[in-house]
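Trainee: I would like a close look at the charged side chains in this model. Please take me through how they pair up, and then show me what surrounds them.

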Amino acid sequence: MTFAFGSRSVSAVAGVAALAASLLVAPAAQAHSSDDHGGHRAASLTPRTQFTLAPDGSSGASADGEGIPNIDSVKSTIRTYYGDTGDGIADPKRSPYITEMDRIVQREERGLTTAYRHAVRRGEKPALVFDADDTTLWTYDMEAGAMKFVYDPALQDQWVQGQKFPATPAMVDFVNTAAKIGFTIFGLTGRNDDQKAATVANLKKVGYTAFSSDRFYTKWTGTGSSQQPDYITCATSSCTTVEYKALTRKHIESQGYDIVENWGDQWSDLQGGYADRAIKLPNPTYYLPSPDLPGVHEPRLAPRTHFTMLPDGSSGRKPDGDGIPNIDSVKATIRIYYGDTGNGIADEDRSPYIAQLDKIIDRTSGSVLQQCRQESWRHRNPAVVLDADDTTLWTYDMEAGAMNFVYDPALQDQWVQAEKFPATPGMVTFVNAAEQAGCTIIGLTGRNSGQKAATLGNLAAVGYGGFTAANYYTKTAGDNRSTIAYKSQTRKHIESRAGGGYDIVANFGDQYSDLIGGYADRTIKLPNPTYYLP
C-alpha cells in the first residue's frame, strides 16, 4: 500500500476491492512504450469480485488474502446501500435499503389479515414479535456515523438512553396496522433491563403505538431484581442469544398466543423456532452470531456465504443487504488470516498471511534474482521498485490494533515518525538478495516527503539494505495526481536517462494502484484485505 499523509479521504476509502488470486505476477510491456500506460495490460491487474465468506471468519484460515472482501470496499458498498454520502448518515427517504425494506413490508402486509383470521379460527391469540435494533429502531447513524463500525457499548447506551434512534423504514406503519387488525405486539430485544424504559419511550416517540412495557422483553443484567427468568433454562451458565430469544417466544406461546411472525435483522433473532414464520430484515453493518438450540437444525436460517462485490462500492446500489459481506464477518476473517487472536496484533511467526507471502516470494524470487544477475553482468542497470506500506513495512498492527480499521492520518504519522513498523514477512531477505544479485533497490511510496527520513530509518532498522535517499521516492506537497499517475510516471522517470536509465525488472506492491500503468518487466501483487487505495 502507499498513501500520502492526510490523503486517505472517505471517497478513497469508499472504493474497494478484494484483490486477485493468491499471487498476481503479470508481465508488463517493454519500458518506454509510447502508450500512456507503458503498454501494460491493465485487465490483468483487476481486483476479484467473487467471494466465499464463512460468517464465523473461518475462511481466513485459507492462505488467500485476495479472496477476502477488502474491508474498505465493504464499507463503501454498505454506504452506497444506505444512501450514505460519506458522513455516516443514512438517507432517510431514498436508498436501496429503503427500497428493500418497502418490498419486504409490502409483501408481508398482504397476508396479515388472512393470517390473523386463521389463528383466531384455531382458538389462538395471534401475535407478532419484533426485535428492536434495525428491526423497529434504525441504528445506522450510530453504527456508521458515531462508531465508524467499531462497536462501543458506552456510546450505544448514550444513544439508547437519549432515545436518539429513528424508526426503521416502513416499520411504524406495518406494526401499527398489525395492531389495528388485532395482533398482539411483543418486543424482544438483546438490550438489557436498564435500557427497557428508554427503548419503549423511543418506540413511542417515533410513532409506534402498540408496544408496552409489559409486552416488551429485555435481557436481565444479573443485578438486583434484574435476574434470569424461570422460563429460560440454558445449556450453559451464560445463555446464548438463541436460547434467550427462542425460550422467551416459547414462554409467550405458553400463554395462549400464536406467534404468527417473528421479525429480526439477525439470524440469531429468528433461530430456535416458536413462530409460524421468520421474517429476516437486511443488515450488513454488524453480525451477532449464536449457536442454535441443541438438536435444532435450521439451514434456511443461515447467512449467505457467496458474494459478488465490485471494488468501487457500486454493488450497494442493489436492494439486497444480505448480499453484502457483513462487516463483522469480514473483520473476523481478516483477523484469522493474520493470526490476530483479537487484540489487533498479527502473529509474527505463523499465519495464513505469512504462508501466502512465503509462496509468493518462493514463486517469484528465482526469476527476479536471475534477471538481476544477467542484466547486471550486461550492464543494463537493473532495478527493483518496491512500495512501502504492506510491501516492505507491515502496517497490520497499526491498522487493526491502533486504528480498528478506521484510518487516522495523524496516528499514521505518529507511527511513521516513530519508525514503529516491522518488516513485511519475508521481504527483507528477498530485497537484500536482489541487491546482492546486482539490482538497484528503489522505493516508491505515497508517503509524503516529510515522512521520507523516518521511512528510510525504519527500513534500515528492520534489516533492509540498499534503500538510499537518492532512490527513494515520496509524494511532495501539492501533488494531486492519482496514485496510478504518480507511480507510473515516476517509474517512467526511473527508466529514463534523467532518472538513472534503469530497467525495472520487477515492481512490488500491495495495491493495484501501485502496479497499474506499466514501466516494469513484471508486477508482483502482495495480498492486503485491510484497506484499498484505488
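Mentor: Happy to. Counting a salt bridge wherever a side-chain nitrogen of Lys or Arg lies within 4 Å of a carboxyl oxygen of Asp or Glu, we arrive at 17 salt bridges. Keep in mind that this is a predicted model, where local features need pLDDT of at least 70 and side-chain atom pairs count only at pLDDT 80 or more, while totals for chains, interfaces and linings use all residues. Residues are numbered from 1 along each chain as its sequence is written, and side-chain values use heavy atoms, with hydrogens and water left out.

Let's begin with lysine 280, whose side chain meets that of aspartate 322 in a salt bridge, at 3.2 Å from N to O. This pair links distant parts of the chain, 42 residues apart: lysine 280 sits in strand β7 (residues 277-280), and aspartate 322 in the loop between β8 (306-308) and α11 (327-338). Those element names come from DSSP runs, with helices being H or I of at least four residues and strands being E of at least two, numbered from the N terminus. For accessibility, buried means under 20% relative accessible area, exposed means over 50%, and partly exposed is in between, with a 1.4 Å probe and protein chains only. Lysine 280, at 16% relative accessibility, therefore counts as buried, whereas aspartate 322 is partly exposed at 22%.

A second pair joins arginine 304 to aspartate 320, and here the closest N and O atoms are 2.7 Å apart. Arginine 304 lies in the loop between β7 and β8 and aspartate 320 in the loop between β8 and α11, so the salt bridge ties together parts 16 residues apart in sequence. In this pair the arginine is partly exposed, with a relative accessible area of 41%, and aspartate 320 is buried at 15%.

Next, look at arginine 481 and aspartate 479, another salt bridge with its closest N and O atoms 2.7 Å apart. Arginine 481 is partly exposed at 31%, while aspartate 479 falls in the buried class at 17%. Elsewhere, Arg107, Glu108, Glu261 and Arg277 are joined into one network by salt bridges that share partners.

Now for a charged residue without such a partner. Glutamate 375, in helix α12 (residues 352-377), is buried yet has no salt bridge. Taking Lys and Arg as positive and Asp and Glu as negative, with His and the chain ends not counted, the nearest side chain of opposite charge to glutamate 375 is arginine 380, 4.0 Å away. If contact means heavy atoms within 4.5 Å, then glutamate 375, leaving aside its neighbours within four places in sequence, touches Arg380, Asn381, Pro382, Asp503, Val505 and Asp521.

For contrast, turn to a helix pair whose contact holds no charged residues. Helix α4 (residues 112-121) and helix α7 (residues 171-181) pack at an angle of about 35°, their axes 10 Å apart; the axes are lines fitted to C-alpha atoms over the stretch in contact, and angles run from 0 to 180 degrees between N-to-C directions. Leu112, Thr113 and Tyr116 in α4 meet Phe174, Ala178 and Ile181 in α7. That contact divides into 5 nonpolar, 1 polar and no charged residues, where Ala, Val, Leu, Ile, Met, Phe, Trp, Tyr, Cys and Pro count as nonpolar, Asp, Glu, Lys and Arg as charged, and the others, Gly among them, as polar.

The backbone deserves a glance too. Glutamine 163, in the loop between α6 (153-161) and α7, has a positive phi near 50° although it is not a glycine, and at 23% relative accessibility it is partly exposed. Phenylalanine 405 also has a positive phi, near 65°; its place is the loop between α13 (396-402) and α14 (409-417), where it is buried at 4%.

Finally, the wider setting. The chain has 18 helices and 13 strands, and its C-alpha trace spans about 95 × 45 × 40 Å along the principal axes. Of its 534 residues, 56% count as buried. Among contacts with a separation of 6 or more, 76% join residues 24 or more positions apart.
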